[in-house]
Amino acid sequence: MRRGDAIGRHLLLITAIVLMLFPVALALATSFKPVSTIFDLNPLPFPASMENYDLAVGKFPIGRLLWNTFVMAAGVTVATMLVALPAAYALVRFDTARGRGFVLAAVGISLLIPPQALIIPQFLMTAKLGWQGHTIGVIIPQLGVSALAVLLLRDHIRSVPQSLIGAAVLEGATSWEILRHVVLGVLRPALGAVAILLFISTWNEFLWPLLVMPDPEDTTIQPGLALFVGPESAQYGPMLAAAMLASLPVVVIYVLASRRIADAFLHSGVR
């Protein structure tokens with residue numbers, strides 16, 4: 001690669017990064033501005049103030065909203081892993097079974113269906129089952145978009161050395177015992193990476209919690225930010241402070257596990 005091409009690509013990447021991070025940096029800086037100067041043209045928060053954070057934490061149920069978000073994200077992550085792992089294992093272990101190709105194609109095609117297309121039937125289902133306004137209503141329907149987890153885990157299971165599985169078969173292990181004692185041990189890093197991806201994507205979910213748990217005081221943090229918008233005015237400073245607090249767990253998780261998340265895609269090569 002010529003030096004000029006390398007410099008051009010780096011400049012392009014730096015420009016893209018700046019464009020992506022600028023709104024976040026501006027929101028972070030504004031969250032530290034005093035309420036009286038929040039609309040000033042100066043983007044820098046000097047003098048910095050914790051007034052917005054005090055208002056967000058003191059006058060709004062941020063703690064309950066964050067807890068509801070954590071329960072939803074953790075519930076969807078655990079339930080999806082419980083569904084996706086046996087499904088992925090079955091697709092690999094019983095690769096000669098009749099209908100396997102159809103099932104695999106159905107899982108792949110389901111990736112092409114936008115989640116918004118499932119909202120009406122899922123909403124009707126939760127209404128029929130009486131799950132409206134309950135945590136289970138924001139967890140179970142989201143299992144309908146677990147195809148990506150199935151495909152990621154399937155490719156990782158395919159990379160498990162066949163000698164290990166063959167040795168377990170010779171020892172008389174059942175399929176369940178092979179999954180539990182052999183595959184799970186080898187697959188632990190990939191399971192962690194997929195679980196982190198699921199947790200982060202579910203944490204940022206906005207539309208489904210808004211439909212199932214519409215009460216702003218007892219929903220998840222994303223639709224709960226509507227509490228800062230009143231009929232006559234909006235409290236933008238505390239809203240930005242709450243948005244920064246809502247982003248903090250996801251940022252910490254991503255920083256700690258960014259390499260593992262990248263490896264989950266690079267080493268799986270969904271195909």
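Modeller: An angle between two helices counts as roughly parallel under 35 degrees, roughly antiparallel over 145, roughly perpendicular from 65 to 115, and oblique for the rest. This is a predicted model, in which local features need pLDDT of at least 70 and side-chain atom pairs count only at pLDDT 80 or more, while totals for chains, interfaces and linings use all residues. Residues are numbered from 1 along each chain as its sequence is written, and side-chain values use heavy atoms, with hydrogens and water left out.

Biologist: What makes up the chain in terms of helices and strands?

Modeller: The chain has 12 helices and zero strands, where a helix is a DSSP run of H or I with at least four residues, a strand is a run of E with at least two, and numbering starts at the N terminus. Along its principal axes, the C-alpha trace spans about 75 × 65 × 30 Å, and 36% of the 271 residues count as buried.

Biologist: Why are α7 and α9 called roughly antiparallel to each other?

Modeller: The axes of helix α7 (residues 147-158) and helix α9 (residues 175-203) cross at roughly 155° and come within 10 Å. Each axis is a line fitted to C-alpha atoms over the stretch in contact, and the angle, which can run from 0 to 180 degrees, is taken between N-to-C directions. Set against the cut-off, α7 and α9 are therefore roughly antiparallel.

Biologist: Which residues of α7 and α9 meet?

Modeller: From α7, the residues A149, L152, L153, H156 and I157 meet V183, L187, A190, L191, V194, L197 and L198 of α9. By class, this contact of α7 with α9 has 11 nonpolar, one polar and no charged residues, with Ala, Val, Leu, Ile, Met, Phe, Trp, Tyr, Cys and Pro counted as nonpolar, Asp, Glu, Lys and Arg as charged, and the others, Gly among them, as polar.

Biologist: What is the handedness of the crossing in which α7 passes α9?

Modeller: α7 passes α9 in a right-handed crossing, which means that the near helix is turned clockwise from the far one by less than a right angle, whereas an anticlockwise turn would make a crossing left-handed.

Biologist: Why are α8 and α9 called roughly antiparallel to each other?

Modeller: Helix α8 (residues 162-170) packs on α9 at an angle of about 160°, with the two axes 11 Å apart, and on that angle α8 and α9 are therefore roughly antiparallel. Here L164, I165, A168 and V169 of α8 meet I178, V182 and V186 of α9. The contact of α8 with α9 consists, by class, of seven nonpolar, no polar and no charged residues.

Biologist: Why, then, are α3 and α9 called oblique to each other?

Modeller: The axes of α3 and α9 come within 8 Å and cross at roughly 140°, so the pair falls outside the named ranges and α3 and α9 are therefore oblique. Their crossing is right-handed, and their contact has, by class, 20 nonpolar, five polar and one charged residues.

Biologist: How do you know that N68 counts as buried?

Modeller: N68 lies in helix α3 (residues 62-93), and with 13% relative accessibility N68 counts as buried, given that buried means under 20% relative accessible area, exposed over 50%, and partly exposed in between, using a 1.4 Å probe and protein chains only. Apart from its neighbours within four places in sequence, N68 is in contact with D218, T219 and T220, where contact means heavy atoms within 4.5 Å.

Biologist: Why is T15 called partly exposed?

Modeller: T15, found in helix α1 (residues 3-31), has a relative accessible area of 42%, and T15 is partly exposed because that value lies between the two limits. The C-alpha atoms of T15 and R188 are 173 residues apart along the chain and separated by 37 Å.

Biologist: Why is A106 called partly exposed?

Modeller: A106 sits in helix α4 (residues 100-110), and its relative accessible area of 38% again lies between the limits, so A106 is partly exposed. From A106 to L211 the C-alpha distance is 27 Å, at 105 residues apart in sequence.

Biologist: Where does UniProt place the feature "domain: ABC transmembrane type-1"?

Modeller: The unreviewed UniProt entry places that feature at residues 66-257, although such annotations may be inferred rather than shown by experiment. Over residues 66-257 the chain is 71% helix and 0% strand, and the end C-alpha atoms are 21 Å apart. For "transmembrane region", the unreviewed entry lists several spans, including residues 102-125 and 131-153. Residues 102-125 are 67% helix and 0% strand, with end C-alpha atoms 26 Å apart, while residues 131-153 are 52% helix and 0% strand, with end C-alpha atoms 30 Å apart.
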